[in-house]
Amino acid sequence: MSLDSITQNIDESVSGFFEPIAEWLGGIVFYSVNVAGAEVPLIVTWLVVAGLVFTGWFGFVQVRKFRLAVDVVRGKYDDKDSAGEVNHFQALTAAVSGTVGLGNIAGVAVAVSIGGAGATFWMILCGLLGMATKFVEVTLGVKYREVHADGTVSGGPMHYLPKGLAERFGKNGKSLGKVLAVLASIMILFFGLFGGNLFQVNQSYAQLVSVTGGESGAMGSSAGALFFGILVAALVGIVLLGGIRSIAQVTSRLIPAMAGIYIVACLVVILVNVTAVPAAIGTIIEGAFNPQGVAGGVLGALIIGFKRAAFSNEAGLGSSPIAHSAVKTKHPASEGLVALLEPFIDTVVVCTMTALTIVIANPASWGEARDGESIGGVTITSDAFETVLPWFPYVLTVAVILFAFSTVLTWGYYGLKAWTYLFGRTRTSETVYKVLYTLFAVSGSLLTLQTLIDLADAVLFTLAVINIIGLYLLAPVVKRELDKFLEYVKVRNAGGTDGDKDPELSKTSV
């Protein structure tokens with residue numbers, strides 16, 4: 001029996017078993033209601049409302065403290081003797097690597113095809129709101145993290161939900177928090193294996209095949225798929241063995257470089273068509289508010305834009321706090337401010353650049369997609385670049401693979417923290433997980449397992465419901481931490497040092 005036959009049989013068997021489960025859970029999590037002709041997913045509404053609430057609660061912190069956030073990333077308020085494993089910049093790039101990827105390149109193209117150019121406007125707005133949610137969850141991640149004897153750190157919803165709820169609500173809060181922590185760990189682990197690993201490898205391999213001659217090309221065979229899977233798995237395994245320090249070292253170089261190349265390429269397309277920029281911006285704004293602009297009208301464009309942004313930056317899902325919790329700091333809110341830059345980079349900058357490039361270049365494939373033809377998102381984005389840079393699809397392929405690789409690394413770390421919360425931090429336990437995760441990377445180039453990937457999406461967004469309830473309950477804690485850090489900044493800017501004016505400021509919140 002050939003390898004193709006084996007993998008096909010596995011795909012069919014797994015899909016047959018899990019399809020009813022995926023449809024049932026997906027129907028609940030992504031349940032939509034019809035509003036003025038547009039299908040409104042309630043989970044997207046849940047995420048957007050959280051962004052609105054936290055934006056108001058913290059007085060537009062994403063605007064007022066944006067410059068301070070940049071200063072913290074630059075290391076202006078670093079403490080060399082702080083607990084943690086990585087600096088603010090490395091923590092940010094590690095977390096961004098988990099969100100910047102295929103969604104920014106392919107997902108945005110799909111969004112502006114279904115929702116029209118106006119979806120871009122709402123995508124930006126949702127990204128700005130998500131900055132406040134990210135600030136809240138990451139501050140809690142650092143506040144309630146666990147620093148182990150060997151100096152490594154564990155954080156995330158599986159830590160701040162039980163600890164925070166116990167601190168605020170006593171015994172009942174502790175019991176509820178433990179249940180939520182176990183559920184959160186299971187959801188993060190499941191998505192990590194299928195959405196953060198297998199799907200990323202699968203899609204990057206598909207893009208590689210498309211530019212190397214298709215199914216009949218050099219990489220189109222089963223042997224090519226197996227080689228690609230083993231290569232990715234080996235690289236992931238090597239980096240994963242080094243923990244968050246190793247991952248941060250890779251992502252702190254990889255993400256800025258690839259994001260820089262991608263944004264420069266977008267700018268080249270935009271500058272070549274600079275005379276079309278005003279019209280493109282006008283099209284985006286008009287499409288956002290013109291009820292005749294797309295199917296579903298203004299609400300349709302709004303929902304598509306919000307959905308793309310929510311799925312892209314993961315604000316409120318509880319995943320990013322795991323990476324951010326490893327930061328070296330005594331002040332939880334300092335990393336919360338750093339984290340609010342994440343949706344800005346991911347959605348406001350990278351997603352917007354992709355959308356603007358497509359709208360300005362206006363490739364034929366985008367028009368065909370808007371007319372209802374089934375065209376892959378990567379193809380539309382690639383065609384937009386090709387209008388100015390004929391060779392760029394090859395560079396885009398490299399970018400897709402590297403973005404996917406960084407996502408696999410980051411979700412490998414997220415999954416490890418969920419695994420060790422459930423099964424303990426023994427060497428054997430961690431080794432079993434790392435072997436399992438690398439095997440999933442190999443299978444990613446061979447199997448599609450679309451049903452399991454759909455199930456993983458539903459599971460991850462179920463986590464958003466649990467996580468955001470916890471964020472609401474613990475928001476007063478975040479407010480106190482922000483006030484403490486702002487007082488510390490005031491002291492530092494006046495020439496003092498940490499704790500000079502207030503002994504409380506020198507305590508480490510772990």
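Helices (H or I, at least four residues) are DSSP runs, numbered from the N terminus. The model is predicted, so that local features need pLDDT of at least 70 and side-chain atom pairs count only at pLDDT 80 or more, while totals for chains, interfaces and linings use all residues. Residues are numbered from 1 along each chain as its sequence is written, and side-chain values use heavy atoms, with hydrogens and water left out.

**Exercise 1.** Find how far apart D483 and K479 are in helix α20, and state how their side chains meet.

*Solution.* Begin with the helix: D483 and K479 are four residues apart in helix α20, which means that about one helical turn separates them. Next, their side chains meet in a salt bridge (3.3 Å, N to O), a term for a side-chain nitrogen of Lys or Arg within 4 Å of a carboxyl oxygen of Asp or Glu. Finally, D483 is partly exposed at a relative accessible area of 38%, and K479 is partly exposed at 34%, where partly exposed lies between buried (under 20% relative accessible area) and exposed (over 50%), with a 1.4 Å probe and protein chains only.

**Exercise 2.** Decide whether E342 and K134 are buried or exposed, and locate each of them in the chain.

*Solution.* First, a salt bridge of 3.1 Å, N to O, joins the side chains of E342 and K134. This pair links distant parts of the chain, since E342 belongs to helix α15 (residues 341-361) and K134 to helix α7 (residues 119-143), 208 residues apart. Lastly, E342 is buried at 0% relative accessibility, and K134 is buried with a relative accessible area of 0%.

How values were computed
Helix = DSSP H or I, 4+ residues; strand = E, 2+ residues; numbered from the N terminus.
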